[in-house]
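Trainee: I am new to this one and would like to understand the words people use for it. Could we go through them together?

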Amino acid sequence: MVVLGTEEIKKVILENPTKLILVDCFAQWCGPCKRIAPEIHALEKQYNHKIVVLTVDVDKCEDIAAEY
């Protein structure tokens, strides 16, 4: 799930109290970010009922990236 704002990320965290929340901070221009993204999303599919992956574009959501 791509996160677009602070309220959205807080809502997802509160709605999933028993799941591991993985915040994937990335940038469109980052080569390593692009290389690891498929692995992160594979984990999300593999552990579908146990984790939630939140994707944060650091250029669009600087405040979230700084906090998490």
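What follows is a friendly talk about how the terms fit this structure.

Mentor: Happy to help. Keep in mind that this is a predicted model.

Trainee: Let us begin with the sheet. What is the order of its strands, and is the pairing parallel or antiparallel?

Mentor: The open sheet has 3 strands in the order β1-β3-β2, and their pairing is parallel.

Trainee: How do you know that β2 and β3 pair?

Mentor: Pairing asks for at least two bridges. β2 and β3 have 7 bridges in the parallel sense, so they pass that cut-off. Val-23, for instance, stands opposite Leu-54 in β3, and the bridge partner of Phe-26 is Asp-57, also in β3.

Trainee: And what makes β1 and β3 a pair?

Mentor: Those parallel strands are joined by 2 bridges. The cut-off is at least two, so they count as paired. Here Val-2 stands opposite Thr-55 of β3.

Trainee: Which elements lie against the sheet?

Mentor: α2 packs on it and touches β2 and β3. The direction of α2 makes about 155 degrees with that of β3.

Trainee: Why is Thr-55 called buried?

Mentor: Buried means under 20% relative accessible area. Thr-55 has 8%, so it counts as buried. This residue lies in strand β3. Leaving out residues up to four places away in sequence, Thr-55 touches Met-1, Val-2, Val-3, Asp-24, Phe-26 and His-41.

Trainee: How many residues of β3 are buried?

Mentor: The count is 7 of its 7 residues, so β3 is mostly covered. Ile-51, Val-53, Thr-55 and Asp-57 point one way from the strand, while Val-52, Leu-54 and Val-56 point the other way.

Trainee: What makes a group of residues a nonpolar core, and which residues form the largest one?

Mentor: The members must be buried residues of certain kinds, Val, Leu, Ile and Cys among them, joined through side-chain atoms within 4.5 Å. The largest such core here has 8 residues: Val-3, Ile-9, Val-12, Val-52, Leu-54, Val-56, Cys-61 and Ile-64. α1 and β3 are the elements that give two or more residues to this core, and β3 gives the most, with 3. In soluble globular proteins, nonpolar side chains tend to be buried together.

Trainee: Which residues does Val-12 contact, leaving aside its neighbours within four places in sequence?

Mentor: Val-12 is in contact with Met-1, Val-52 and Leu-54.

Trainee: Why does Cys-25 form no disulfide?

Mentor: The two sulfurs would have to be within 2.5 Å. The closest cysteine sulfur to that of Cys-25 belongs to Cys-33 and is 8.9 Å away, so the gap is too far for a bond. The whole structure holds 0 disulfides.

Trainee: Are Cys-25 and Cys-30 buried or partly exposed?

Mentor: Cys-25 has 28% relative accessibility, so it counts as partly exposed. Cys-30, at 15%, is under the 20% cut-off and therefore buried.

Trainee: Why is Tyr-47 called partly exposed?

Mentor: Partly exposed sits between the buried limit of 20% and the exposed limit of 50%. The value for Tyr-47 is 38%, so the term fits. Tyr-47 is found in the loop between α2 and β3.

Trainee: What makes the link between Tyr-47 and Gln-46 a polar contact?

Mentor: The distance must be within 3.5 Å. Their side chains are joined at 3.4 Å, so the contact meets the cut-off.

Technical notes:
Residues are numbered from 1 along each chain as its sequence is written. This is a predicted model: local features need pLDDT of at least 70, side-chain atom pairs count only at pLDDT 80 or more; totals for chains, interfaces and linings use all residues. Side-chain values use heavy atoms; hydrogens and water are left out. Helices (H or I, at least four residues) and strands (E, at least two) are DSSP runs, numbered from the N terminus. Buried means under 20% relative accessible area, exposed over 50%, partly exposed in between (1.4 Å probe, protein chains only). A polar contact is a pair of N or O atoms within 3.5 Å; within protein, one must be able to donate a hydrogen and the other to accept it, and residues adjacent in sequence count only if both atoms are side-chain atoms. Contact means heavy atoms within 4.5 Å. Axes are lines fitted to C-alpha atoms, for helices over the stretch in contact, and angles run from 0 to 180 degrees between N-to-C directions.
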